[in-house]
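Me: Could you take a close look at one part of this model, the open sheet and the helices that lie across it? I would like a connected account of how the pieces meet.

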Amino acid sequence: MQSPALAQIYEALGEEGLKKARWQEKMRVWNQVAQLVWTALYALLWIPTGWAAALRDALGGNGAWPALLFVLVFMLLMIPFNLPLAWFFDYRVENLLGTNRQSLGGWLLDQFKQGLIGALLLGLFFWAVYLVFRAWPGGWWLALLAVVALLMVGIYLVQPLLIRAQFKAEPLEDEALIARLKALFERAGFPFGGVGVLRAGEKTARGNAMLSPKGGKLEVLVFDTLLDEVGPEGLEFVVAHELGHRAHKDWPWMLGLFGLLFALGIALAHAVLVWTAGRWGLAGPGDVATLPLLYLVLAFWMTLAQVVSNAFMRGREYAADRYALELVPNLPAFESTFVALAKQNLADPEPPEWVELWLHNHPSIARRLEAARRVVRSG
């Protein structure tokens with residue numbers, strides 16, 4: 001039997017909204033497939049053609065600094081190569097869904113900024129991987145774990161920078177709402193770092209909120225689009241949910257799992273790179289010219305491994321929902337928040353199970369609503 005809240009979501013989406021939500025799910029699947037094909041094409045441009053070996057030699061071989069230059073060139077050239085795919089799935093699809101509010105020029109600028117930060121971060125990581133492969137050809141595993149740990153820390157630290165680079169922020173002026181959220185933080189036992197409103201409405205109709213470290217405290221960053229839709233009670237629940245992630249230390253656990261899977265992917269790629277010695281002008285794992293193949297193997301592995309990481313995160317989402325309901329025991333407000341979020345983000349309330357298993361790091365809205373009702377009944 002369908003719950004009243006789920007029925008409200010279907011009513012809020014309407015026939016047109018539900019059609020878009022389901023089409024959006026199909027596009028997520030095709031995006032994953034296209035990303036893998038595109039990555040394979042990029043690797044084929046470098047390895048069998050001999051371009052990778054030629055660039056390595058032109059830059060001075062496999063020394064530390066020539067290797068860094070090679071990695072940065074490879075990563076930076078990937079930005080324009082990936083642009084057609086990004087344009088279709090990140091810009092064209094959003095236009096068709098009606099969620100994009102950004103001009104093509106503004107979108108291109110954001111793509112360049114985010115691509116540059118990502119290329120530099122991953123570039124330094126891959127450079128360190130090859131330094132490890134060359135310095136410890138027989139015992140690289142432990143050193144690799146240290147390098148991956150540094151990457152995970154870098155990802156954690158760079159997230160707030162990416163958000164700030166994409167959206168302008170201004171302090172929330174609603175004193176009553178600030179007091180409400182401050183009291184919520186006090187009940188949860190976390191230091192309150194204020195509320196910043198991200199002017200996301202200039203670029204998207206979607207809504208989101210997050211917590212960001214700020215001088216030893218936690219700042220609430222909320223999209224202006226979300227603030228307009230869910231109101232004070234809804235925002236209180238969203239923030240309580242995010243505090244649940246902090247209370248359960250989900251970020252360290254998630255990064256630890258992701259780092260382990262990433263390290264396993266590098267180990268798998270290393271086994272493949274051993275096979276390249278003597279082929280296409282390559283010299284095995286210590287040769288930086290094998291980077292296109294390493295990147296390809298890692299991309300395929302992480303696409304498969306996300307089934308594991310997403311399953312873990314779905315479990316943590318349920319736990320954060322329970323935490324929010326214990327902190328703010330108001331089920332009707334919890335359900336009405338999901339009605340607003342589903343409509344705003346065009347979320348399919350009941351996506352195909354295989355799509356949820358593969359691509360979703362959050363449970364479906366239908367499952368979360370049912371789980372919330374069980375929590376309230378059991379309490």
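**The sheet and its surroundings**

Reply: Leaving aside neighbours within four places in sequence, D224 is in contact with V197, L198, R199, A200 and G201. In this predicted model, D224 belongs to helix α7, which covers residues 224-247. One of these contacts can be described in atomic detail, since a polar atom of the D224 side chain lies 2.8 Å from the backbone nitrogen of G201. D224 can also be placed relative to N208, from which it is 16 residues away in sequence and 8.7 Å away in space, C-alpha to C-alpha.

The sheet itself is open and consists of four strands in the order β1-β2-β4-β3, with mixed pairing. The edges are taken by β1 (169-171) and β3 (209-214), and because each of them has a single partner strand, one side of each is left without a neighbour in the sheet. On average, and with direction ignored, neighbouring strands of this sheet are turned by 35 degrees against each other.

The pairing of β3 with β4 can be followed residue by residue. Strand β4 comprises residues 217-223, and it runs antiparallel to β3, to which it is joined by six bridges. Within this pair, L211 stands opposite V220 in β4, while K214 stands opposite K217 in β4. The hairpin of β3 and β4 has two residues between the strands, and in it G215 takes a positive phi near 55 degrees.

Two helices lie across the strands. Helix α6, made of residues 175-188, lies across β2 (192-198), β3 and β4, and it runs at about 135 degrees to β2. Helix α7 likewise lies across β2, β3 and β4, running at about 145 degrees to β4.

The nonpolar side chains give a further view of this region. The largest nonpolar core has 61 residues, of which F185, V239 and L243 touch the most other members. Not counting residues up to four places away in sequence, F185 touches F190, P191, F192, L211, L218, V220, V239 and L243, and this list includes both L211 and V220, the residues that stand opposite each other in the β3 and β4 pairing. Another core lies apart from the largest one and has 47 residues, V129, V148, A263 and Y295 among them.

Y295 leads on to the aromatic residues, where it forms one cluster together with W38, Y42, W46, F70, F74, F81, F125, F126, F258 and F262. A search of the whole structure finds 22 aromatic pairs. One of them is formed by W275 and W280, whose rings are 5.8 Å apart centre to centre with 70 degrees between the planes, an edge-to-face arrangement. Both counts of exposure are intermediate, in that W275 is partly exposed because its relative accessibility is 45%, and W280 is partly exposed because its relative accessibility is 37%.

A polar residue completes the picture. E317 has its place in helix α9, residues 291-327, and it counts as buried because its relative accessible area is 2%. The side chains of E317 and H245 are joined by a polar contact of 3.1 Å. With residues up to four places away in sequence left out, E317 touches H241, H245, N361, H362, P363 and R368; H241 and H245 fall within the residue range of helix α7, 224-247.

Terms used. Residues numbered from 1 in each chain as written. Predicted model: local features only at pLDDT ≥ 70, side-chain atom pairs only at ≥ 80, totals over all residues. Heavy atoms only, no water. Phe/Tyr/Trp six-rings, centres within 6.5 Å; stacked < 30°, edge-to-face > 60°. Buried < 20%, exposed > 50% of the residue type's maximum accessible area, 1.4 Å probe, protein only. Contact = heavy atoms within 4.5 Å. Polar contact = N/O pair within 3.5 Å; in protein donor to acceptor, adjacent residues only side chain to side chain. Pairing = 2+ DSSP bridges. Axes fitted to C-alpha atoms, helices over the stretch in contact; angles between N-to-C directions. Core = buried A, V, L, I, M, F, W, Y, C linked by side-chain atoms within 4.5 Å.
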